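This report describes how the secondary-structure elements of one protein chain are arranged and paired. The sequence and the model are shown first, and the description follows.

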Amino acid sequence: MTNCENYRVASPQEVASATFSFHSQLLHIFTSTCTNCGQSHTASNLYDIYIARSGNGGNPIRNARPAANFRPGAALGTTTLKPRSQPICHLCVGTVNAPDPSHVTVFADEDAWRDTLRRKAADSAESAARKPRIPTQPSLSDL
Ligand SMILES: [Zn+2]
């Protein structure tokens with residue numbers, strides 16, 4: 001396996017314009033400690049690593065994308081990331097005292113949460129389109 005760590009991370013412009021080829025998979029392993037309850041959780045994310053020649057003829061560039069599937073025949077790297085901390089976690093979120101319990105929204109699943117985001121974005125765009133433009137008068141500080 002070619003060591004993809006030597007490749008430069010592609011810029012967003014390069015990701016949009018370069019032609020990438022699949023290179024390998026990389027498993028990020030990370031531990032997060034909850035500062036509220038003290039529990040530690042270890043999880044992992046699998047990425048597909050793609051490489052491309054940079055547009056200016058320089059060193060190859062790479063791009064990591066969340067992997068949809070494990071590729072058993074492909075090269076695989078693993079790395080353990082630095083430990084992280086988080087203010088609350090899935091184990092203790094139900095025990096924290098919110099100032100107003102009605103302000104805590106529990107979504108049934110990720111799809112329900114994403115549907116809410118889409119609906120709010122659509123409502124916001126519609127509201128902005130209907131909002132009348134208020135003419136601004138110069139104030140003394142503008143003069
Ligand atoms: Zn916790």
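## Burial, strand pairing and helices

Buried residues make up 6% of the 143 residues in the protein, a figure that, like every other value in this report, comes from a predicted model. The protein has two helices and six strands, and along the sequence these elements follow the pattern β-α-β-β-β-β-β-α. Among the contacts in the protein with a separation of 6 or more, 64% are accounted for by residues 24 or more positions apart.

The pairing of the strands can be followed through the table below, which gives the partners, their relative direction and the count of bridges.

| Strand pair | Direction | Bridges |
|---|---|---|
| Strand 2 (residues 21–34) and strand 3 | antiparallel | twelve bridges |
| Strand 3 (residues 40–52) and strand 4 | antiparallel | six bridges |
| Strand 2 and strand 5 | parallel | five bridges |
| Strand 1 (residues 8–9) and strand 4 (residues 61–66) | parallel | two bridges |

Strand 2 and strand 3 form a hairpin with five residues between them, and in the turn Gly38 has a positive phi of about 85°. Across this antiparallel pair, which is joined by twelve bridges, Ile29 of strand 2 stands opposite Ser44 in strand 3. Strand 3 is also joined to strand 4, again in the antiparallel sense, by six bridges; here Tyr50 has Asn63 as its bridge partner in strand 4, while Ala52 stands opposite Ile61. Strand 4 in turn runs parallel to strand 1, to which two bridges join it, and Val9 is the residue that stands opposite Arg62 in this pairing.

On strand 2 there is a further pairing, with strand 5, in the parallel sense, and within it the bridge partner of His28 is Thr79. Strand 5 covers residues 76–80 and includes Leu76. Which residues does Leu76 contact, leaving aside its neighbours within four places in sequence? They are Ser24, Gln25 and Leu27. The C-alpha atoms of Leu76 and Ser24 are 5.9 Å apart in space, although the two residues are 52 residues apart in sequence. Leu76 counts as partly exposed because it has 15 C-beta neighbours inside 10 Å, a count that lies between the limits of 12 or fewer for exposed and 20 or more for buried. Strand 5 as an element is hardly covered, since the count of buried residues among its five residues is zero.

Turning to the helices, helix 1 spans residues 12–17 and includes Ser17. Ser17 is exposed because it has 11 other C-beta atoms within 10 Å, and the cut-off for that class is 12 or fewer. The C-alpha atom of Ser17 is separated by 9.6 Å from that of Ser54, which lies 37 residues away along the chain.

Helix 2 comprises the 21 residues 110–130, and at 1.5 Å a residue these should span 30 Å; the end C-alpha atoms are 30 Å apart, so the expected and computed spans agree. Is helix 2 hardly covered or well covered? Helix 2 is hardly covered, with a count of zero for buried residues among its 21 residues.

Definitions and conventions: Residues are numbered from 1 along each chain as its sequence is written. This is a predicted model: local features need pLDDT of at least 70, side-chain atom pairs count only at pLDDT 80 or more; totals for chains, interfaces and linings use all residues. Helices (H or I, at least four residues) and strands (E, at least two) are DSSP runs, numbered from the N terminus. The expected span of a helix is 1.5 Å times one less than its number of residues. Two strands pair if DSSP finds at least two bridges between them. Two residues are in contact if their C-beta atoms, placed from the backbone, lie within 7 Å.
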